[in-house]
Amino acid sequence: MIQVSRRRFIKNAGGAGIALWLGINVRGTTIITTNIVESGNFTPYILVESGGGITIFNTKPEMGQGTFQSIPAIIAEEFEVSLEQVSIKNTNGEKPFGNRQRAGGSSSIRTNYTDLRKVGASAKEVFIKAASARWQVEAYDCYAENGKVIHKPTDRTFAYGELVADASKLELPKEPKLKDPKDFKILGKMAKRPDVPLKTNGSVQFGIDVQVPGMLYATVARSPVIGGTMKSFDASEAMKIPGVEKVVPVERIMGRYHSVGVAVIANSYWTALKARKTLKIEWDNKGYENFNTEEYEKHLHELSNEEGLIDKNIGSVDSLNLPLANTIEAFYETPMVAHHTLEPMNCVAQVRGDQVEIWTSTQVPSSITGNGENDVHKYIGFTPDNIKLHSTFIGGGLGRRLNVDYVIEAVGIAKNVSQPVKVVWSREDTTELGPYRPMTFSQLKGGFSEEGKLISFQHKVISPSFQEAMTPGFDIKKVDGTMVEGIGEQAYEIPNLKTSYVRADFHVPVAAWRSVTSSTLAFCHECFIDELAHKANKDPMNFRLELLSKPSDLKRVLLKTRDFSRWDDPLPKNRGRGMAQWEFFAGLCAQVVEVTVQPDHSIKVDKVFAVIDLGEVVNPDNVKNQVEGAVVMALGAAIKPGITIKDGKCMQHNFYDSPLIRIHEVPEVEVLILAEGGKVKGVGEPGLPAFAPALANAIFAVTGNRIRKMPFDLKKV
Amino acid sequence: MISLNVNQKTYQVDVDPNMPLLWVIRDIIGLTGTKYGCGVAQCGACTVHLNGEAVRSCVTKVSRAGGQKIVTIEGLSENNDHPAQLAWQQIDVPQCGYCHSGQLMSAAVLLRENPNPTDEDIDEAMSGNICRCGTYLRIRKAIHIAAEIQKTKNNTGQIKNAVSRVEI
C-alpha cells in the first residue's frame, strides 16, 4: 500500500497523474514547497487518488494516546475533508515519511500542530486553484467542503479526486491561509475515535497478533540475575520435545546493556515454553548475584552528602547563612517501577538473505528502519534499505517501547531459521528483566527571610542516570538533564535557587516511564513546597500564588484550579484536600485530591480535580480519557509496591506481586481543559506528576502525617 | 484430536491436552482477539465464555474445553453490536485497547446475570480485569449505558434508536 521508494512517490506525484501526494517540503517535482519545514525529507501526509480515494498518513504510532485520530484530524480540518471520508494509515518507518515517526514525550501534537494545519491548508488551496482554472473563474469565488471544491455563484462542484491531474501541475502555496478557529468543524469537538470499534470486537491488530504463514514461535531464557549473561547451555532435553526446531544463543542489546540468553524456537509458543523449562544453562553473573536494592538505597542516602553536579544556581543559596529557625530540610524517596504494558514485549521477524522483515508494536518505527534520529538499527544488523517494518497498533507504550531491545533480539533469533519467528516475552520476562523507571532520592532545603518570605530553595537529586544507561559514551561528568527534569524551571519566583544532581552507578536497565523523571521529582518537589507552606502558616494554594507575582501559565492554571476544585469551601472533619502542580517539557497540569479518613483509619481517595493547560485541543473527550488514565497510573505508582532486587534478581514476577490498580480503587476524576491559545502543550504525560504529591499533601492536611516516601500504604498512613 | 466449538464453528485440533485454551484459540485456530496478558489468571485479558461463563483461557486446559461451547470476542455479536460493545463505542472507552476484549467478555456475563448492576456490582464483577491505561471510570459508565441499551433492545429490538436516547 505505501511505496517506500522516494522515486516512486515523485513519479506518482508529478508524472502519471493517478495520485497526488501532498506534504511537507516537496522537491524536484512540479510541486515545490519549502515554507513549512526548511530542511529534511519530503514528508507526505495526504494522498489523493484520481479514483476519489483520500488517505491521510499518521506518522505517530497509536498506543492509546489518540494519534490515530488527532494527527489526521488536524490535517483534515484545514483540508476540508471529514474523517469519515478518508482512510487513515499508520506509517511504518519508511524513509519518505521522515525521521520523526515516533511517539514519545507527549510530543505528537505540541510539536506539529501548526505544521500539520499548514499541510492541510496548502493542499486545499491547490485544489481550489485547480478547480477555478478548470472553470475559468476567480479562486475567491470558490470554497472547499467535504472533499469537494464548490463554485459559489453557480454551485458547480469538483471532487478533489477529479482535480488530481490539474493540481499536480501547480505549486503548493508558501503561506496558506489558516482557518479561523471559530470555524473549526473537527478540532476542539468531541469526535469519536476511529480506532475504537476495532477495539471492541477483537479486530484491531497488535504486534502480538501478527500471523505470518509458516511462522515459528520463540521464547528466550535470560539470566535471572540482572546483568548476567550465558556462559554455556545444554539443550539436549529440549531437542527431544516434538515441535522444537532449534535452540540458539541470542544477544539482547539496550543502550549500554548487553547480555546473551538462550532462545527456543518451536512450532508453537506453548511448546517453546515447555522446552525452555528443560534447558540447563550456566550463567556468568559477574558478581551481580550479591546486589540488593535495600543496600543500594543506603548507598544513595550516603551519596546525598556529596555536592554533586550543579544544574542551576540562581542568586546565592550557599552564602545566605539563614538562621536555623528560618530553614527546613527534608529527604524524599521514590521506588523503581515497571512499565507493565499489558501487551508483553513481542516481535515477529523474518530474515531472507540480506533482507529482514519485522512486525512489531513500537513507539519508534523510524529508528528501527534506520531512518530515525539515532542509530539503534545498526544492532539489527541490516542496512536501512534492507529493513522492512510493519508497525502495528500498540498495547501500551508508556516509554517501554521507545527501546528496541526486543526487536534486535527477535531479528537475532530469526537469523537462525528461514521461516518467520514470533518472539513473545512472558509476563514474567517482561517484569523481571527491566528496564525500569529508576528510583530517585531528593534532598530538599528551604529558607525564609525574617519577614517570612521564601527566599531560598535547594533540590538535590540522587539517582542512576538515564542518559548513561541509554547513550553509550555519555560523559558522566555532565549533569544528566533528564534526571533533574523540571526542578530548576518551576515558575515560582524564589530569588535563590539551586538544583543539583548526584549520579549513582547502576547496572540495572532503566528507561523513561510515562512522564519520565517528573513522575518522581514532582512528588518530592511539590510535597516540600507544601511543607514550606505549613512552615509559613499559609494555605498551600495562597502560598504558591504568592510566589507567582508575574503573569504565567502556572498562575493562570492555579487560579482556575482554585475555582474548579472549590478549594476554599470547607470540608467535613474527616476529609482533607491537597494540591500540587507540575510544569515540565511535556506540559502543565495542576491537581487537587480529596481524601477521607475511614473509620478503620485507612485513607480513601475520593476525588481528583485536574486542570490541564493545552493551548490548543484536538479532541477534548480524549484529553479527559488520558487524564483519567494518568491519574490511575500515578495512583498505582504511589500506593502499590515498586520493583525490588535481592540477590541480583527482581523480586516481582507478575501482577500478583507487582499489582496494578483495579476498578474498585479508582477515585472520581473531574477534568478541566484549558485551551486558550499560547504555547501548545502535551496530553499523554502531564496528567501524572501532580497526582502523587497532591494525594500526599491531602493526607497531611487531614492526618498531620507527612509522607516522604513512595510507595505508601493507604491502610497505614 | 480435541473437538472445539468456538463461535458456533467446530474445530478439530491436534495439540497437547495441557495446552491452555488461550494459545489454542490464538495460535492454532487463529482468533487473536483474545489476549495474553499474564498467563496466571490475574489480568483478565484472555477472558472467554465457556458454556456462558466467563473463564480465564490462559489457565483453562484445552482438554477441559473439548466439546463445550466457547465464545470469544469475535463471536460476542455478529455486527459489533452487543449492548456492551455499543456502549463502549458510544463513550470511547478504550485507549490502547489491549484489555478490552477481556473487559467486554466479563461485562457481557455481568449484564446477562444482573441487568441492573450498581457501581458496587460492577466493581465486584470487573475487578479481575486490569486496564493499564486506567479506563475504569469509563468501563463503569459504559456498563450502566449497556444495561439501558439491553433493556430497550429486549423491549423493542431497536438497538440503534436506544443508543441516541441514552444520556451520558
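## Size and shape of chain B

The radius of gyration is taken here over C-alpha atoms, and the value expected for a globule is 2.2 Å times the number of residues to the power 0.38. The model is a predicted one. For the 168 residues of chain B, this rule puts a compact globule near 15 Å; chain B has 16 Å, so the two agree.

Along the principal axes, the C-alpha atoms of chain B fill a box of roughly 50 × 35 × 25 Å. Of the 168 residues in chain B, 54% are buried.

## Elements and contacts within chain B

Chain B contains five strands and seven helices. Read from the N terminus, the order of these elements is β-β-α-β-β-α-β-α-α-α-α-α. The run therefore ends in helices, as the order of elements, with helices and strands taken as DSSP runs, shows.

Contacts within chain B can also be sorted by separation in sequence. Taking those between residues at least 6 apart, 59% join residues at least 24 apart.

## Where chain A meets chain B

The contact between the two chains involves 47 residues of chain A and 45 residues of chain B. On the chain A side, the elements that give two or more residues are helix 7 (269–276) and helix 16 (620–639). Helix 16 of chain A supplies seven residues, the largest share of that side.

By class, the side of chain A that touches chain B has 10 charged, 16 polar and 21 nonpolar residues.

Definitions and conventions. Residues are numbered from 1 along each chain as its sequence is written. Chains are lettered from A and ligands numbered from 1 in the order in which they are written. This is a predicted model: local features need pLDDT of at least 70, side-chain atom pairs count only at pLDDT 80 or more; totals for chains, interfaces and linings use all residues. Two residues are in contact if their C-beta atoms, placed from the backbone, lie within 7 Å. Helices (H or I, at least four residues) and strands (E, at least two) are DSSP runs, numbered from the N terminus. Ala, Val, Leu, Ile, Met, Phe, Trp, Tyr, Cys and Pro count as nonpolar, Asp, Glu, Lys and Arg as charged, and the others, Gly among them, as polar. A residue is buried if 20 or more other C-beta atoms lie within 10 Å of its own, exposed if 12 or fewer, and partly exposed in between; C-beta atoms are placed from the backbone.
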